[in-house]
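Here is a short round of questions and answers on charged side chains. Look over the sequence and the structure before reading on.

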Amino acid sequence: GKMGKSLKNSVAPDDICRDYGADTLRVYEMFMGPLDQSRPWATKDVVGAQRFLQRVWRLVVDEESGQTRVTDATPSDDTLKLLNKTIAGVREDYSELRDNTAVAKLTELTNHLTKNYADGAPRGVVEDVVVMLAPLAPHISEELWSRLGHDELLARGPFPEADEKWLVEDSIEIPIQVK
């Protein structure tokens, strides 16, 4: 259905910010779809954006102790491949104003890190995730950047660059049908 002030069924951004936070509202709005298309509002879906930001938070901060939980370990080849693919994709998505697909790529990388690094993800990879998240969720990104030990503002830092060697596929699958 339609939403509007005259229909008295609108949702005030102040209420969403109060309940979920400004960054959650921003991420949800950017994830809803292309900016040039109309899309339905579903307050119950805001929780998905909140869960994503909570996962990113847990990549950096241990919930029990409040200490940072990143490691100085070398990332695996799979992680480096996904990281560089994500950097290239998110950079292109931001330049083309496709914030919704940028969020999807960041979610995929965050899920990979959560699943494969239970004792703490590599610092370099986590820092790149925080930098790529900053245009969508500046408040949590600046806080995480500070907790990672940086004194300068994240907003003034450079965007990560993808390493071309990790963007090349080692092999490709080509389906062939006989007869």
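Q: Is Glu 127 buried or exposed?
A: This is a predicted model. Buried means under 20% relative accessible area. Glu 127 has 15%, so the residue falls under that cut-off and counts as buried.

Q: Which residue does Glu 127 meet in a salt bridge?
A: The N to O distance in this salt bridge is 3.3 Å. The two residues lie 4 residues apart in helix α6 (residues 123–133), so about one helical turn separates them. The partner is partly exposed, at 27% relative accessible area. That partner is Arg 123.

Q: Which residues are joined into one network by salt bridges that share partners?
A: Side chains of opposite charge can pair when their charged atoms come close. Here, shared partners link several residues. The network holds Glu 92, Asp 93, Arg 98 and Lys 105.

Q: How many residues apart are Arg 91 and Glu 161, which link distant parts of the chain?
A: A salt bridge joins the two, with the closest N and O atoms 3.1 Å apart. Arg 91 sits in helix α4 (residues 77–95), while Glu 161 is in the segment after α7 (138–147). They are 70 residues apart.

Q: Is Glu 161 buried or exposed?
A: Exposed means over 50% relative accessible area. Glu 161 has 61% relative accessibility. Its partner Arg 91 is partly exposed, at 34%. Glu 161 therefore counts as exposed.

Q: How many salt bridges does the structure hold?
A: One of them pairs the side chains of Arg 18 and Asp 19, at 3.1 Å from N to O. The structure's total is 9.

Methods
Residues are numbered from 1 along each chain as its sequence is written. This is a predicted model: local features need pLDDT of at least 70, side-chain atom pairs count only at pLDDT 80 or more; totals for chains, interfaces and linings use all residues. Side-chain values use heavy atoms; hydrogens and water are left out. A salt bridge is a side-chain nitrogen of Lys or Arg within 4 Å of a carboxyl oxygen of Asp or Glu. Buried means under 20% relative accessible area, exposed over 50%, partly exposed in between (1.4 Å probe, protein chains only).
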